[in-house]
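I opened my notebook to record what I looked up in this structure, one topic at a time.

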Amino acid sequence: MRPPDTAQAHHHGGSPSRARGSGRGGDRVMVPEADFTSYYGRPIVKPAPWEHDIAIYLFTGGVAAGSSMLAAGADLTDRPALRRVGRLGSLVSLALSMGALVHDLGKPSRFINMLRVAKLTSPMSVGTWILALHGPFAAAASAAEVVGMLPARWQRGPLGILLVLGRPAGIVGALTAPPVAAYTAVLLADTATPAWHSAFRELPFVFCGSAAAASGGLGLLGTPVDQAGPARAFAVGGAAVELAAERRMEQSMGISAETLHQGTAGRWMRASIALTAAGAVGALAGRRSRALSMASGAALMAGSLCTRMGVFEAGIASAKDPKYTVVPQRERVDRGEQVRYQG
Amino acid sequence: MIGRNSLFGPLDPAPDAGYVDAPARKGFFTDTSVCIGCKACEVACKEWNDVPENAFAMLGTSYDNSHSLNANQWRHVAFIEKQAPTPAPTPEPVSLGMPSVGAQPSDVADEEKPDFQWLMSSDVCKHCTHAACLDVCPTGSLFRSEFGTVVVQDDICNGCGYCVAACPYGVIDRRRGPEGDPKVGIAQKCTLCYDRLSDGQKPACAQACPTESILYGDVDELRQRADERVALLHERGIMDARLYGNDPDDGVGGTGAMFLLLDEPEVYGLPPDPVVTTKDLPAMFNRAGMAATAMLAGAALSFLRRR
């Protein structure tokens, strides 16, 4: 057995050798190409053992949250078509996200274990309780919508009570919705995955903007133009926040921002930016055209899904390459800024 | 109990977790300068804890084919070929007036000898003072033992995998195989032989280590021994010797498993400056709260304009 080539063993393949910390090139603030050492190029942190169902869960959670907010607003301002799309959209999205979560866990009974404890240090536990708080109200409002679509003779008795509860349940659902959209950013950021953790300041804004864009997009898709005004405003505002926050995030997250531009994640992110921008422009231009509004709505939803996929994939890629773990930490140590408790 | 140092900073983990009259914190001191890479620790760990065989594959990079710490590998011996800056001088043999044993002194000139040396190091779960895996577990499956260690209860774990992504050392993992193993899909890692500790015994790896590279004991005492050992090596001119994980003011509040290394941590596959991710949790929740409030305000604003 021939001993392996030492140079290759100690340096990560594909990383050009340049002195650590040597100058910053170009007009963009980019981290220099890093020379670093690793153990045969193997990862240091482990990538989350999650599949795409978690990215889908992030997307459907966002659509559900935004939709229940739009539905409550539409209910209060007498826009029945928008209310219907919002409530049904929230119900379907919640069901899909629960499906994705249970699929990831493997079996439904495992979800029950999540309700054993309430732990503030675990964003997943916090998220479970946020969903447990929001879900029943959103579902009750959606049920009221379904009952309202039934023949009048079925709307008596217990089902009739639902009709009365629809509005208050919808309002509570809307007030508990924003944490549903925001907590998923903390869920990703509270990991050792370099691209997720380093984005913790902006990721909630990216995700909430993306949720608003997607749910507004759904509103545009399903509502006639005379009632779609708020969905349009919500979608365009969300898209603007998402694009701005995403740009800012890339500038602040250091070397792991690279992973948002490379490989699969890069393709998702480029598609996300194109679809979100096109959707926002189309939504603004399509005030009087149902067809253009629908196309824009679909583009905004697709853009939001691409954002989730892109951020998800970037995190996995950043965990698999030891460069994104070692280089920022090594630079910190070399600068003498090792993280230490300041008593 | 929530204290000032609950998320970050030095503390004694077992009393912090609510144990009254907890025994002294237990841990490992792995002195890699005396590790011979025999892998007895890996085998003893598998035998005692009934950890099934890993997916063994000839990796072709070194003699290390057990790959990494994972759900089926709670101790992992790293084999590193290190470029030696100068060949180590061969000490002059001392005649004891006894019949000679072993190889004759080599007549190969020092500069013709291979210019590399082996570094070997047995890696294990660090049992952090601030354990990210424990902090993020949504089911309470991971818990802090009375010995200050971190243990998984695999009948409660729901396999969400959050601890896997949270560990800054890449230790804990969800078990993938072998087929039919009841713990497939469940997070697994070193328990510091919780069952043996409860019975007043050493962990299996420390028991099996033939060179005392793996020392087990009270963390305070091990830290002292580690300091003495590194001072001794420095005295002998081995200036590369350094301690890892022994500092209670570091990013994870110090670890229960500390190491004496002969090179930078990343050479061994260890992060140079690991930080518990929950250190930033208050800031994360603050930012999420801001974003959520902005979203609600945005939704309200969307409805302001009359049709």
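**A helix in chain A**

I began with helix H6 of chain A, residues 158-175, which has 18 residues and reaches 25 Å from its first C-alpha to its last, close to the 26 Å expected at 1.5 Å a residue. Helices here are DSSP runs (H or I, at least four residues), numbered from the N terminus, and the expected span is 1.5 Å times one less than the number of residues.

I noted that this is a predicted model, in which local features need pLDDT of at least 70 and side-chain atom pairs count only at pLDDT 80 or more, while totals for chains, interfaces and linings use all residues. Residues are numbered from 1 along each chain as its sequence is written, chains are lettered from A and ligands numbered from 1 in the order in which they are written, and side-chain values use heavy atoms, with hydrogens and water left out.

Next I looked up which residues of H6(A) are buried (under 20% relative accessible area, 1.4 Å probe, protein chains only), and among them I found A:Gly160, A:Gly166 and A:Ala169. Their cover, counted as contact (heavy atoms within 4.5 Å), includes helix H2 (52-76) of chain A and helix H8 (281-302) of chain B.

**Cysteines**

I then searched for disulfides, pairs of cysteine sulfur atoms within 2.5 Å, and the whole structure has zero over all chains. The sulfur of A:Cys208 is 19 Å from the closest cysteine sulfur, in A:Cys306, too far for a bond, and A:Cys208 is buried at 4% relative accessible area. B:Cys45 is in no disulfide either, as the nearest cysteine sulfur, in B:Cys193, is 6.3 Å away.

Notes
Helices (H or I, at least four residues) and strands (E, at least two) are DSSP runs, numbered from the N terminus. Buried means under 20% relative accessible area, exposed over 50%, partly exposed in between (1.4 Å probe, protein chains only).
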